[in-house]
Amino acid sequence: MVASSLASPLCTWLVAACMSVSSEKDQFSKPASSFQSSKFMGRRRKAITKFKSGSLMNGSVMNTSWHSCFGFEPCEEYYKSDGFSASFSSLFAENPFSVFGFKQVPLNRRQRRMSSAAHPGKPMAVAVQPAMEATTTKKPLMRNRRVVVTGVGVVSPIGHDPDMFYSNLLEGISGISQIEAFDCSEFPSRIAGEIKEFSTNGWVAPKLSKRADKFMLYMLTAGKKALADGGITEDLLKELDKARCGVLIGSALGGMKVFHDGIEALQVSYKKLNPFCVPFATSNMGAAMLAIDLGWMGPSYSISTACATSNFCILSAANHIIRGETDMMLCGGSDSAIIPIGLGGFSACGALSQRNSDPTRASRPWDMARDGFVIGEGSGVLLLEELEHAKTRKAKIYAEFLGGSFTSDAYHMIEPHPEGSGVVLCIEKALAQSGVKREDVNYINAHAASTPAGDLNEYQAILHCFGKNPELKINSTKSMTGHLLGAAGAVEAIATVKAIHTGWIHPNINLENPDNGLDMNVLVGSKKERLDIKVALSNSFGFGGHNSSILFAPYKNV
């Protein structure tokens with residue numbers, strides 16, 4: 001009875017107060033509407049009178065509650081009320097219902113202790129809508145912020161140092177070989193872009209190196225190498241505004257080895273499971289661990305869009321800088337799936353090359369004899385930085401990031417759209433978003449993974465967008481590294497910025513008998529070529545119809 005008799009005038013007061021929050025003066029100067037009948041206004045005055053007389057609630061508690069929940073302050077008389085505390089306490093000591101009709105459940109000792117520790121002498125905070133003033137505040141306009149690449153880090157089948165990696169690409173050295181990590185004699189495909197030698201010494205703590213999945217170790221190592229390449233010393237790292245530095249590195253498959261080992265251990269007992277098996281298997285944990293290690297408190301997360309993962313991460317990281325949220329971002333991708341479940345899974349869907357007797361010639365984009373892609377592993381990480389921030393610390397600048405785009409084929413889980421419409425749309429949107437003229441793009445690092453349908457569809461989409469450019473050159477890094485899955489886009493982006501920086505583009509190896517209709521004046525041949533790159537585009541596509549295109553150009557101080 002007490003609760004019901006209280007709820008009606010109180011709710012009436014709340015409704016009236018909410019309606020009058022914008023301008024109390026205007027409220028009372030306007031004539032009452034049909035809704036605000038004399039009976040309604042009378043009830044409102046009665047409710048306010050009760051509050052003035054101190055007959056309802058404790059002022060110290062409700063002061064915070066009214067302001068937090070409704071975005072306005074009670075009137076001055078409310079604060080001057082002396083009878084609130086006693087009346088409120090006596091009312092609710094006898095009646096176990098709140099003013100809104102919900103039963104109050106008494107807290108146990110542990111809950112009271114936690115509440116007291118979290119808010120000593122203060123009422124509990126409530127998740128609320130912001131005050132009206134906050135919602136009307138306009139975000140200040142950002143000036144045009146340019147993004148540049150100031151560091152790169154790579155772990156790949158053809159080298160773990162950026163210079164060695166790109167030198168091997170220019171020389172046409174293949175990283176494809178027989179798999180040695182496990183016995184794969186029963187598998188139809190027994191070759192991969194497998195990393196034979198890798199050390200985390202000096203980059204990752206020994207204890208973590210023993211526990212973590214290789215995708216995470218590759219990512220941590222490549223990320224720290226990108227910082228070192230960008231001139232971020234330990235002393236400079238301490239001086240950075242860590243709230244404006246972030247990590248956005250993804251993975252297509254995450255910690256597959258850790259997860260696989262966990263399933264095997266579970267066959268014996270759950271007690272045999274590695275306590276870190278779940279967090280170390282998640283695709284976000286590599287980026288999280290790198291952010292924790294560096295103490296970077298800006299955006300830290302991962303994106304997983306199959307083999308387009310890296311490009312999604314790179315463009316999203318650049319957008320954080322462009323919007324003024326950060327000054328520096330580590331971004332890219334990492335994957336390590338050369339294990340039985342990874343090799344078997346891709347073999348089962350008929351995606352892998354079976355040229356086991358000649359591994360170095362197995363990955364052959366645009367060649368008529370191609371029979372599927374070659375799985376690879378590794379990581380690529382780029383250090384993106386706001387231009388003025390980079391210039392202030394006199395950083396080396398590899399290239400400028402111009403922009404990019406994402407689209408979806410919306411067609412099939414695995415197969416690309418036969419007309420390449422999603423790829424065309426992606427490239428067109430990337431050009432529009434970055435403000436680049438199509439005739440200025442004269443180098444494309446293609447996704448071309450050595451699949452029968454994918455290579456040709458991408459080539460046709462590229463010619464649809466750029467076919468009238470006589471300077472256009474196209475190559476595929478995967479002809480030498482294999483397909484690094486979620487890491488492919490970042491490793492290929494590194495190859496792209498190195499091409500801009502050096503003025504040399506790497507060859508397409510194994511392109512001996514090109515598909516019908518392919519123009520070999522557009523496709524790079526079996527030797528490296530000198531090219532003065534104006535604008536470079538790098539494509540990455542993934543299962544699910546994910547398309548991504550990103551654009552780089554030589555940095556010009558204008």
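Is the crossing of α11 and α15 right-handed or left-handed? The crossing is right-handed. This is a predicted model. The protein has 558 residues, and 51% of them count as buried. The fold holds 22 helices and 14 strands.

**Overall build**

- Take contacts between residues at least 6 apart in sequence: 79% of these join residues at least 24 apart.
- The exposed surface of the protein comes to about 26600 Å². Carbon and sulfur atoms supply 56% of that area.

**Helices α11 and α15**

- Helix α11 covers residues 214-229, and helix α15 covers residues 285-294.
- Their axes come within 9 Å and cross at roughly 45°. That angle makes α11 oblique to α15.
- On the α11 side, the contact is made by Phe-215, Met-216, Met-219, Leu-220, Gly-223, Lys-224 and Leu-227.
- On the α15 side, the contact residues are Met-285, Gly-286, Ala-287, Met-289, Leu-290, Asp-293 and Leu-294.

**Helices α19 and α20**

- Helix α19 spans residues 421-434, and helix α20 spans residues 452-466.
- The two pack at an angle of about 40°, with their axes 9 Å apart. α19 is therefore oblique to α20.
- The crossing of α19 and α20 is right-handed.
- From α19, the contact draws on Val-423, Val-424, Ile-427, Glu-428 and Leu-431.
- From α20, the partners are Ala-461, Ile-462, His-464, Cys-465 and Phe-466.

**Helices α16 and α22**

- Helix α16 (residues 309-322) packs on helix α22 (residues 488-502) at an angle of about 65°. Their axes are 5 Å apart.
- This angle makes α16 roughly perpendicular to α22.
- Ser-310, Asn-311 and Ile-314 of α16 make the contact with Ala-488, Gly-489, Ala-490 and Ala-493 of α22.

**Ser-540 and its surroundings**

- Ser-540 sits in strand β13, which runs over residues 535-542.
- Ser-540 is buried, at 0% relative accessibility.
- Leaving aside neighbours within four places in sequence, Ser-540 is in contact with Cys-307, Ala-308, Asn-311, His-447, Gly-489, Glu-492, His-546, Asn-547 and Ser-548.
- Two of these partners also appear in the packing of α16 on α22: Asn-311 belongs to the α16 side of that contact, and Gly-489 to the α22 side.

**Cys-245 and its surroundings**

- Cys-245 lies in strand β4, residues 245-250.
- Cys-245 counts as buried, with 2% relative accessibility.
- Not counting residues up to four places away in sequence, Cys-245 touches Leu-240, Trp-296, Met-297, Gly-298 and Met-328.
- Cys-245 and Ala-291 are 46 residues apart in sequence. In space, they are 9.0 Å apart, C-alpha to C-alpha.

**Cysteines and disulfides**

- The structure holds 0 disulfides.
- Why does Cys-313 form no bond with Cys-331? Their sulfurs are 7.7 Å apart, which is too far for a bond. The cut-off for a disulfide is sulfur atoms within 2.5 Å.
- Cys-331 holds the closest cysteine sulfur to that of Cys-313.
- Cys-313 is buried, with a relative accessible area of 0%.
- Cys-349 counts as partly exposed, at 37% relative accessibility.

Notes: Residues numbered from 1 in each chain as written. Predicted model: local features only at pLDDT ≥ 70, side-chain atom pairs only at ≥ 80, totals over all residues. Heavy atoms only, no water. Helix = DSSP H or I, 4+ residues; strand = E, 2+ residues; numbered from the N terminus. Buried < 20%, exposed > 50% of the residue type's maximum accessible area, 1.4 Å probe, protein only. Contact = heavy atoms within 4.5 Å. Areas by Shrake-Rupley, 256 points an atom, 1.4 Å probe, with all protein chains shown as cover. Axes fitted to C-alpha atoms, helices over the stretch in contact; angles between N-to-C directions. Parallel < 35°, antiparallel > 145°, perpendicular 65-115°, else oblique. Left-handed = near helix turned anticlockwise from the far one by under 90°.
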